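Welcome! Please take a moment to look over the structure below, and then we will walk through it together.

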Amino acid sequence: MYQATAQSVREGLVERWNDTYAHFHKENPKQAYYLSMEYLQGRALTNAIGNMGLTGEYSEALRSLGYTLEDVMSVERNAGLGNGGLGRLASCFLDSIATLDLPAWGYGLRYKYGLFKQGVDKATGEQLEYADDWLEVGNPWEVARPQVSYPISFYGKVVNGKWAPGKQVRAVAYDSPIPGYKTRNCISLRMWDAQPSAVEFDLAAFNASDYETSMGPTNLASMLCAVLYPGDGTREGKALRLSQQYMLCSASVQDILARWKERGNSDWSKLHEKVAIQMNDTHPTLAAPELMRILMDDEGLSWDDAWAVTKKTVAYTNHTVMPEALEKWPLDLVEELLPRHMEIIKRIDEEFIASAAKAKAAKAAKKDDKKKDDKKKKESEEEKPAMVRMANLCCISGMAINGVAAIHSEIVKDFTFNDFYKLFPEKFQNKTNGVTPRRWLAFCNPQLSAVITKWVGNDKWVTDTDELRKLAEHATNPELQAEWKAAKLARKKICKDYIKKVTDIDVPIDSMFDIQVKRIHEYKRQFLNILGIIYRYKQMKAMTPEERAKCVPRVCIFGGKAYATYTQAKRIVRLINNVGSVVNNDPEIGDLLKVVFVPDYNVSLAETLIPASELSQHISTAGTEASGTSNMKFQMNGCLIIGTLDGANVEIRECVGDDNFFLFGITDPEVEPARAERAAGKFVPDARFTETLEYVRSGVFGDKFEELLGSLEGNEGFGRGDYFLVGKDFASYLEAQERVDVAYADSMGWTESSIISTAFSGKFNSDRTIDQYAKEIWGIKPCTVPERK
Ligand code: CBF
């Protein structure tokens with residue numbers, strides 16, 4: 001029934017899709033192309049039906065056949081093509097682009113196994129990883145286009161200024177329709193699959209039974225799109241990741257230029273008037289040198305002409321300032337894999353250094369600046385082996401460089417890329433992230449949506465989220481409060497049933513649902529959350545039954561994947577599960593505290609958890625989380641946030657007001673001094689912190705978790721010595737949690753804050769973000785597909 005429903009919805013979409021393609025072709029507008037290694041699309045059926053406004057009709061039709069729409073929808077596998085926030089952001093952006101009728105579409109890779117499917121070992125609490133065969137039963141949402149395919153070359157050498165490649169595969173297009181909400185526009189997400197190039201197949205070797213030689217290209221092709229982010233600990237792993245990035249860039253740039261020609265364009269100096277290429281983080285950096293190569297080597301442009309237009313065509317979004325996440329590749333590896341591109345990159349580098357030196361001389365740099373610059377130069381020169389820094393290449397080639405939240409964009413300018421900022425301040429922008437209110441409120445939370453529509457007076461808020469502000473006028477109205485609470489309760493019930501189904505844990509529905517779901521990472525500090533829970537548990541154990549009965553009952557829910565080779569993150573998962581096993585089975589504690597790790601966090605699971613949440617945790621060390629987007633989804637769904645002044649939390653707090661946000665922790669400028677204090681041995685931890693670590697060490701949770709605790713204390717062999725300042729923020733975190741408990745006990749006050757949260761979530765609509773990209777970076781305008789006559 002799912003397949004039949006999907007086929008029927010697809011039929012409706014194909015008509016809009018074809019009309020959109022034809023209309024864009026006819027109008028020949030400037031078009032933007034979003035290049036991303038990740039998309040976290042989630043289920044397509046719910047979204048397509050919802051965007052086409054056919055939810056009622058499909059529910060009815062399925063009911064008459066003896067099915068429910070919910071059951072049919074839940075059969076769909078999540079497209080496992082992403083890892084975290086960056087991938088989900090890309091998918092929200094596509095939804096907004098289509099909804100705003102903008103001429104833009106996405107490019108990505110069609111990974112066979114995505115990232116991985118996560119399980120939990122019941123006995124040890126450890127994370128398990130399985131290949132996620134999400135295409136096993138086919139994907140009704142994609143259309144294979146074998147006629148759209150491009151050669152992708154690797155290795156070889158440069159002969160007379162041109163590349164003579166050593167190996168080749170073919171990139172073949174698979175397209176998925178992305179319908180806009182209440183519009184005929186339906187854009188494309190084009191995913192590339194790698195296939196062996198028939199030219200390279202050595203038939204003679206095969207017939208001589210030398211299968212290894214003859215199947216070489218086939219193996220390379222199947223490796224290229226096997227998984228997202230393959231381990232890059234070895235040179236082979238690095239080569240594979242870089243090859244994947246190059247395949248995305250090369251196939252997409254070839255396709256973009258082919259379309260540009262097909263639409264009758266021919267003046268290369270005006271390419272940027274028709275094309276904008278957005279590099280979603282540094283993974284698609286090679287788009288710039290690839291565009292240069294094609295323009296010079298295939299189209300015959302001079303270096304200067306090619307560079308002049310490339311610089312106006314590509315733009316870069318930075319999504320992280322964590323130094324270890326700023327990609328760099330060994331220069332000799334890039335040279336071996338992509339010899340012609342390395343020549344181009346070297347020349348970009350040389351010309352940039354020359355022009356920067358000129359600019360510096362012209363400014364007759366102040367003494368202080370000069371000292372700082374000399375120091376930086378020395379650091380980079382000393383790096384061995386020499387590296388290609390992808391973010392630097394993006395900053396030099398890009399027409400625009402943007403951060404993803406106000407505080408993050410300031411950090412990008414003042415620290416991460418300060419040298420570039422000083423040279424070309426006009427390129428730097430902020431584009432605070434957003435999420436689509438369709439998937440993340442209207443469709444995932446129909447119960448709350450119905451209440452909102454009633455009190456706002458119409459459903460215009462589904463696109464114009466400023467309309468949500470009208471809720472604030474009624475935030476203390478008992479009738480709205482009652483309906484609001486009933487909607488939340490209904491969602492908590494759904495969540496409770498899901499938890500029972502997948503973990504066999506019974507969670508009490510009248511407890512506060514406190515949720516932290518995101519990738520497991522030390523900087524996101526799930527560790528702080530679980531240590532806080534341990535402290536709470538320890539306190540409760542020491543209470544008399546009468547005292548205990550006064551505690552606010554909580555269900556603490558975690559979800560998220562730890563990257564397969566990230567040992568410390570996996571230890572955190574194990575600690576959470578072990579704490580859960582003890583706490584959840586402690587008869588003294590009963591329903592007062594439950595700790596749940598829900599395995600295999602993905603888009604659909606988020607759609608179940610977020611509407612049920614009452615408190616959510618966004619507690620990264622200040623200055624580390626670029627933006628966060630789940631904070632926005634929780635806020636939209638009437639959830640209160642406990643958080644640090646980091647990423648988009650800062651702007652969320654400004655919108656909801658500090659009375660409706662539980663703030664704690666040190667601020668970004670206080671982080672380095674706090675690290676220095678630690679390093680100098682001057683940090684005195686709060687007694688509650690020391691007690692909590694000792695409690696874990698006493699073995700209450702089975703293992704003593706020495707590697708984790710040691711990392712907080714900077715013990716030899718155990719990491720960087722609380723680099724993310726869990727100890728420093730612990731006391732302030734506990735105090736904020738006490739404020740949460742007090743606030744939750746006042747049910748009316750809490751509900752009022754919950755309504756205010758939703759009411760002032762309008763800014764975090766990805767339609768707003770995309771409108772800004774369109775106007776301030778891409779220079780594109782809506783191109784609305786007319787109704788069929
Ligand atoms: O901008 C989208 C998201 O990107 C990340 O997930 C990333 O992959 N770098 C960041 O960690 C998030 O803060 C950010 O919201």
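Which residues does leucine 471 touch, not counting residues up to four places away in sequence? They are Ile452, Trp455, Val456, Leu480, Trp484, Ile755, Thr758 and Ala759. Keep in mind as you explore that this is a predicted model.

## Around leucine 471

Leucine 471 sits in the loop that runs between helix α18 (446–456) and helix α19 (478–503). With a relative accessible area of 0%, leucine 471 is buried, because buried means under 20%. One more partner to look for is serine 757: this residue is 286 positions from leucine 471 in sequence, yet their C-alpha atoms are 9.8 Å apart in space.

## The whole chain

Now let us step back. The chain holds 31 helices and 21 strands. Its C-alpha atoms fill a box of roughly 85 × 70 × 60 Å along the principal axes. A compact globule of 789 residues would have a radius of gyration near 28 Å, and the chain has 27 Å, so the two agree.

Of the 789 residues, 58% are buried. The chain exposes about 31,200 Å², and 53% of that area is supplied by carbon and sulfur atoms. Among contacts with a separation of 6 or more, 78% join residues that are 24 or more positions apart. As for charge, the chain has 99 positive and 109 negative charges, and the mean positions of these two sets are 3 Å apart.

## Two domains

The chain is divided into domain 1, which covers 2–433 + 772–778, and domain 2, which covers 507–747. Their C-alpha centres lie 34 Å apart. Where the domains meet, 37 residues of domain 1 are in contact with 37 residues of domain 2.

## Glutamine 118 and threonine 124

Strand β3 (residues 117–120) is home to glutamine 118. How buried or exposed is glutamine 118? This residue counts as buried because its relative accessibility is 5%. Leaving aside neighbours within four places in sequence, glutamine 118 is in contact with Gln127 and Leu128, and also with Gly560, Lys561, Ala562, Phe597, Val598, Pro599, Asp600 and Tyr601. For a distance to try in your viewer, glutamine 118 and threonine 317 are 199 residues apart in sequence and 29 Å apart from C-alpha to C-alpha.

A little further along, threonine 124 lies in the loop between β3 and β4 (127–130). Threonine 124 counts as partly exposed, because its relative accessibility is 31%. Beyond residues up to four places away in sequence, threonine 124 touches Arg574 and Asn578. The C-alpha atoms of threonine 124 and leucine 575 are 9.6 Å apart, although 451 residues separate the pair in sequence.

## Two residues in helices

Serine 409 is part of helix α15 (residues 406–416). At 4% relative accessibility, serine 409 counts as buried. Its contacts, apart from neighbours within four places in sequence, are Gly403, Val404, Gln429, Asn430 and Lys431. Serine 409 and serine 8 are 401 residues apart along the chain, with 44 Å between their C-alpha atoms.

Aspartate 729 belongs to helix α29. This aspartate is buried, at 1% relative accessibility. What does aspartate 729 touch, not counting residues up to four places away in sequence? The answer is Arg525, Phe664, Gly665 and Ile666.

## Two residues with positive phi

Two further residues have a positive phi without being glycine: aspartate 281 and leucine 725. The table sets out their values.

| Residue | Loop | Phi | Relative accessibility |
|---|---|---|---|
| Aspartate 281 | between β10 (275–280) and α9 (287–298) | near 70 degrees | 7%, buried |
| Leucine 725 | between α28 (706–713) and α29 (726–745) | near 60 degrees | 1%, buried |

Leucine 725 is found in the loop that leads to helix α29 (726–745), and helix α29 also holds aspartate 729, described above. Aspartate 281 is in the loop that follows strand β10 (275–280).

Conventions. Residues numbered from 1 in each chain as written. Predicted model: local features only at pLDDT ≥ 70, side-chain atom pairs only at ≥ 80, totals over all residues. Heavy atoms only, no water. Helix = DSSP H or I, 4+ residues; strand = E, 2+ residues; numbered from the N terminus. Rg over C-alpha atoms; globule rule 2.2 N^0.38 Å. Buried < 20%, exposed > 50% of the residue type's maximum accessible area, 1.4 Å probe, protein only. Contact = heavy atoms within 4.5 Å. Areas by Shrake-Rupley, 256 points an atom, 1.4 Å probe, with all protein chains shown as cover. Lys, Arg positive; Asp, Glu negative; His and termini not counted. Charge placed at Lys NZ, Arg CZ, Asp CG, Glu CD. Domains from an automatic or database assignment.
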